[in-house]
Amino acid sequence: MCTWQYQDWLGKVAVRFSNFFFPKISNLYFRSKHKSSGKFLEKVDAQRKAKYPDRSKLLKKVTVLLGYDGIDDSIDNELCEKCNGGKDDFDVSLACKRFPSISLGFFPPVELYDEATCSSMDEGLLASQLYQQFLANSSDPKLVDPDSLYETWTSLCPGREDGNSSSLTEHMHSGSPTLKPKAGRNLEFHLDEPVSATTMLETQNTAAPMQDILDRSINCIPGLTKRQYSQLENCGFHTLRKLLHHYPRTYANLQNAEVSIDDGQYLIFVGKILSSRGIRAGYSFSFLEVVVACEVMQNGSTSECIVDETESRKLRTIHLHLKKFFRGTRFTYQPFLRSLESKHKEGDVVCISGKVRTMRTKDHYEMREYTLDTLQDEEDSSTCGKETLYPIYPSKGGLKPNYLKDIISRGLQILPPNIDPIPEVIREDFKLICLRDAYTGIHQPKNLAEADSARRRLIFDEFFYLQLGRLYQMLEGLGTKLEKDGLLDKYRKPELNAVLVEDWSTLTKEFLKALPYSLTPSQLSSVSQIIWDLKRPVPMNRLLQGDVGCGKTIVAFLACMEVIGSGYQAAFMVPTELLAVQHYEHLLKLLENMENRQMAPSVVLLTGSTSSRQSNIIREGLKNGDISLVIGTHSLIADKVEFSSLRIAVIDEQHRFGVIQRGLFNSKLYFNPASLKLESAKSDDSSKGDNIMAPHVLAMSATPIPRTLALALYGDMSLTQITDLPPGRIPIETYIIEGNEDGFEIVYKMMLDELDAGGKVYLVYPVIEQSEQLPQLRAASADLKTISSRFAGYNCGLLHGKMKSDMKDEALRRFRSGETNILLSTQVIEIGVDVPDASMMVVMNAERFGIAQLHQLRGRVGRGDRKSKCILVASTPSSLNRLKVLEKSSDGFQLASMDLVLRGPGDLLGKKQSGHLPEFPIARLEIDGNILQEAHLAALKILGESHDLGSFHSLKAELSMRQPLSPLGD
Ligand SMILES: Nc1ncnc2c1ncn2[C@@H]1O[C@H](COP(=O)(O)OP(=O)(O)OP(=O)(O)O)[C@@H](O)[C@H]1O
C-alpha cells in the first residue's frame, strides 16, 4: 500500500474509531463515573487531533485500555455482545413458557464420539491444505471467493451436497467463478469450470457412505479460518456431529412487527432493499450494510405515517440497517466487497428476521443478527414468517451463541440427504423424520411442529443407540442362535418366561411351605420369572421392583433357595448393618419353621462389625462351600471374600450401591461345581454343565424407579414388578400439617392418642444435631429431651447414622420389642426397616425430603394389621402444596414419576446412581419416557432381524461411533 493510500485508510479508521468508541466510553464515563474513563475520553479526543501514525498507536492503546486484545477483538466482542442471545434484554424463560416444545436448560457438552476417524483426519488435512492454498491465493482478488472454496471442497470430498445459500453465510457465497479440482484429489484448480451439484452428489453416493461426514473433522466446513478452526477444536467441536449436536437452548418466536418495535425484540419483517454497500472500515475489517425499507403498522401517531386508504390501516415506513462484519484483511478487498453487495439487489423484496436495535434516528433500526430470504414476488410476503423460530444457543467455551449459530448453519449446508443410518422401515414404523431433516429442523425450524419432530427424532437416536448397544453386547456374549433368539424373546414377551411351582427345586418348595402366609399373585409370578432366568446359561440381570412393604424380601429369599437347592451359593447384600441383621434374623426364623430342618441351608451374617476371627471362619466357609448363603453389607464384595460357587447375588436397595460395587460381584465367578457340598443338591439343573459364569444378579429397589429411568439406567436389565400388597393391609392415613405452634399441638395430641391406644411412633428428623446455619430444622438428638418430657409416661429411643452399629441394633431392638414407644430417628430408617406394629410416623420439616423418599419413610408404618397414620409437618405454608400429593396417592410408582418430573433423575436416584446415567444432550428422562420405550422396541426389532447387525452396516458403524457402553449391567 502506498503512503497516501495508507494515510487515507488511517484517516477513515480514525473516524470510525471515534464513532465506534466515543459512545462506548462516554457511556462508561457517565454510568460508572470511573476515573479512568475520563482518561479514555481524553485519549479518544486526542486521536482526532493526532497525526495519522500516532492515531494508529492511540487507537490500539485505547482499545487495549477498554479490555480488548486489539481493534479486531473489540469489533468481534462488540458484535458478540449484541448477539449473545440478548441475555440482558431477552427473557428466555418467557419464550420457553410460550414454546413448551423445547425445554429450557443447560445441555451438557456432547461427548458421544471418539476421536475423529482416520478418514476424517485425512480430510481434515486436505481441508487445511486447501485452506492454506486459499489464503495464499487470497492476494489475487479473483480468488477471494468463499463460494469457490466451498464448492472446491465439496467436490473434493465425497459425501457433500450443494448447500443452499443462506443469508447467515452469505459472505461465503458470492457467486464468483468457481474452482474445480483438475482430477481426483489433486489440488490444482481451474477457474470458470462450475461444478454441478448433482454430479457431485452422484459421485459421493458411490464413493463413500454419506453418514461418515458427521464424524469428519470440523475442518470440513468450508471457509473456516485457522483461528475459527482452532477455537472450535478447543471448545470440543472436533467433528461436524459434535457441532450439530450443540442444540438450541430454546427458540424465540419472531413476532410479526405489527404492533410495536422495541429494542432487543426478535421480529420478522418484509420489505424492499433500498441499498447494499460493502464498506471497508479498516485495514482488516469490513462490513456489509443492507438497508431495507419496511412498512409496518402504526403504533401511536407519527407525522410520517403513510395512510393506506384501501385497507384503512395506518402504516409507517421504517428502515432496517442490516449489518454483517468481517474481520481479516482478505475481506477488505474491493472485489469481495462488491460481490457481497451484489448479492442484494435494490428493489428485491426480502423477508428479514432477527433481533432489532433502535438507532438514534427515528424509525431506523439496526440488525446484526438476522436471517434474510429473498422472496420471489410480493405475494410471498403474505405467507412469509407467520411463525418463525429463532434458535437461541447456549454458549460454549467462550464461543458466543450467535457465532455458533452461524457456524452450525454453515455445517448444515454440507449435509447430504442420505446420512441416516436408521433404516427407512424403522423410520416409518416409528414415524421418525430423516436425520438430515432432524438436524435442519432442530437448528432452523420453520415452526414449532418442525422443531418438535426434529427433537423427537434426535431423542429417539439418543435412546436407540443406547438400547441397541446394550442388547448387542448381550447377544455377543451368547453362543447359539437359539440362545440369542431366546434372549430377545425374553425382552419381547417377558410374561412367557416363568417356571411353574412344581418345577422349583425341592428346597425352594420346602421353604415356601414354611412361610406363615401365602405369596400374593405377583410375588408368585415374580419368583417364577426369576427362577426361569436362573435356569438360563446366561447371567441374569434383573431388577425387582415393588412398592414399600410389598414383600420383595421373600421373593429374593426364594430365589436364593432355588440356587442353593441346585447346589450353589447365594449372597445377599444390603446397604446397612441394621438391615443385614434384620434380614438375617428374619430368614433364620423362617428356616426354623421348615418341616425338614435337615434341609435348611447354612446361613451366616457378615458385616463390618463381624469380629475378625468370625470373619475368617466365614470366609473359609464360603471358599470351601460349607456356607450356602451369606447376608451382609459391602464386606461381601471385598477382595478377600471368595466363593466356591456363587450363583446369585441379591442386591437389596440397589440404588444405594454404586455401579462398580454392584459389578464387583461379577468378578466372583464360579467355576467349580465339583465342590458342591449340599447333599440335597439336585443334579437336574440345566445350567450345571457350564464351568465359568458370572453370578446372576437380582437387584431390588424400594424406590420404585419409573420404567423409563430403569431402561435408561439399566438398559439390558429385565424388570420384574410386584404390583400388589400382602392381603389385610390397611391404607395409611396421611396428614399434612404446618409446623407452627398450633400445628405441633395437633401433632402431639394425635401422638398421645396413638400411644394411649398401644401404638408405636416414629419421629423422623432431617438432621441429627441442631445447626446454626439451618436453625429452622428440628434435630433428632436435640429433640430427645423435649419429646421425653412431653410424653413422660412413655419411653423414647434415638436412632441415627452416627451411632455405633450395636447401639443402632439395640435401639431398633428395643423399639421392636416395645421397650421404647417413640423412636426419634433420622432417615436411616427409610431403608427396609420392618417393625410391623409401628403405627404412626411424624416427619419433621417434611419439605426437606423428596416425594419418593417420604413415600419410603411412610412405608415404615402400616406393615401390619394395625391402622396407621403418617403426619408430614411442613415448615412453611408454601411447602404444603408440594406435599399434598402424598395425601392423595399411595402408589409408589406414581409418586416416583412425579418426583422424576419435579426434581429430575439425579434427585430421585441419588448421586451414586444418577452419576451413571448416560448423558442425554437433548432427551429429558422425565418427559421423554415414551420415546425411550419406542427406541427399546426398535432396537429389539433390528437385532431380531440381524443379531450381529450384519445386515445393518450403517447402524453398526454408527454404534461404534457412539459413546463407549456404560459398564452398568454388562
Ligand atoms: N404374601 C405376604 N402376605 C403377608 N405378609 C407378607 C407377605 N409378603 C411379605 N409379607 C410381610 O410384609 C412385610 C414387608 O415385607 P418386606 O420387608 O419383604 O417388604 P419390602 O418389599 O422389602 O419392603 P421395603 O421396600 O419397605 O423394604 C414383612 O413383614 C413380611 O413378612
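In which strand is Phe 269 found? Phe 269 is found in strand E4, and I shall return to this residue shortly. Good morning, colleagues. The structure before you is a predicted model, and I shall take you from the whole chain to the ligand and then to a few individual residues.

Let me begin with the chain as a whole. The protein chain holds 33 helices and 25 strands. It has 970 residues, and 56% of them count as buried. About 41400 Å² is exposed, with carbon and sulfur atoms supplying 52% of that area. As for contacts between residues at least 6 apart in sequence, 75% join residues at least 24 apart.

I turn now to the ligand. Around the ligand there are 19 residues, and those that come nearest are Lys 552, Thr 553, Arg 729, Arg 860 and Arg 863. The shell divides into six nonpolar, seven polar and six charged residues. Three polar pairs deserve mention. Thr 553 places a polar side-chain atom 2.7 Å from an oxygen atom of the ligand. Gly 551 contributes through its backbone, where a polar atom is 3.0 Å from a ligand oxygen. For Arg 860, a polar side-chain atom lies 2.8 Å from an oxygen atom of the ligand. On its own the ligand has 620 Å² of accessible area, and the protein covers 90% of this.

Next, two helices. Helix H13, residues 401-413, reaches 19 Å from its first C-alpha to its last, close to the 18 Å expected for its 13 residues. How many of the residues of H13 are buried? The count is 13 of 13, and the helix is mostly covered. Helix H15, residues 435-443, is largely enclosed by the rest of the structure, because seven of its nine residues are buried. Those buried residues are Leu 435, Arg 436, Ala 438, Tyr 439, Gly 441, Ile 442 and His 443.

Within helix H19, residues 521-534, I would draw your attention to Ser 526. Is Ser 526 buried or exposed? Its relative accessible area is 1%, under the 20% limit, and therefore Ser 526 is buried. Beyond its neighbours within four places in sequence, Ser 526 is in contact with Leu 544, Val 555, Thr 720, Gln 721 and Ile 722.

Let me now return to Phe 269 in strand E4. Phe 269 is buried, with a relative accessible area of 2%. Its C-alpha atom is separated by 5.2 Å from that of Ile 352, although the two residues are 83 apart along the chain. Ile 261 sits in the loop between strand E3 and strand E4. Ile 261 is also buried, at a relative accessible area of 9%. The C-alpha atoms of Ile 261 and Tyr 365 are 9.1 Å from each other, with their positions 104 residues apart in the chain numbering.

Finally, a point on backbone geometry. Most residues other than glycine have a negative phi. Asp 363, which is not a glycine, has a positive phi of about 65°. Asp 363 lies in the loop between strand E9 and strand E10, and it is buried at 8% relative accessible area. Asn 845, likewise not a glycine, has a positive phi of about 45°. The loop that holds Asn 845 runs between strand E24 and helix H28, and Asn 845 counts as buried, at 5% relative accessibility.

Thank you for your attention.

Methods:
Residues numbered from 1 in each chain as written. Predicted model: local features only at pLDDT ≥ 70, side-chain atom pairs only at ≥ 80, totals over all residues. Heavy atoms only, no water. Helix = DSSP H or I, 4+ residues; strand = E, 2+ residues; numbered from the N terminus. Buried < 20%, exposed > 50% of the residue type's maximum accessible area, 1.4 Å probe, protein only. Contact = heavy atoms within 4.5 Å. Near = heavy atom within 4 Å. Polar contact = N/O pair within 3.5 Å; in protein donor to acceptor, adjacent residues only side chain to side chain. Areas by Shrake-Rupley, 256 points an atom, 1.4 Å probe, with all protein chains shown as cover. Nonpolar A, V, L, I, M, F, W, Y, C, P; charged D, E, K, R; others polar. Expected span 1.5 Å × (residues − 1).
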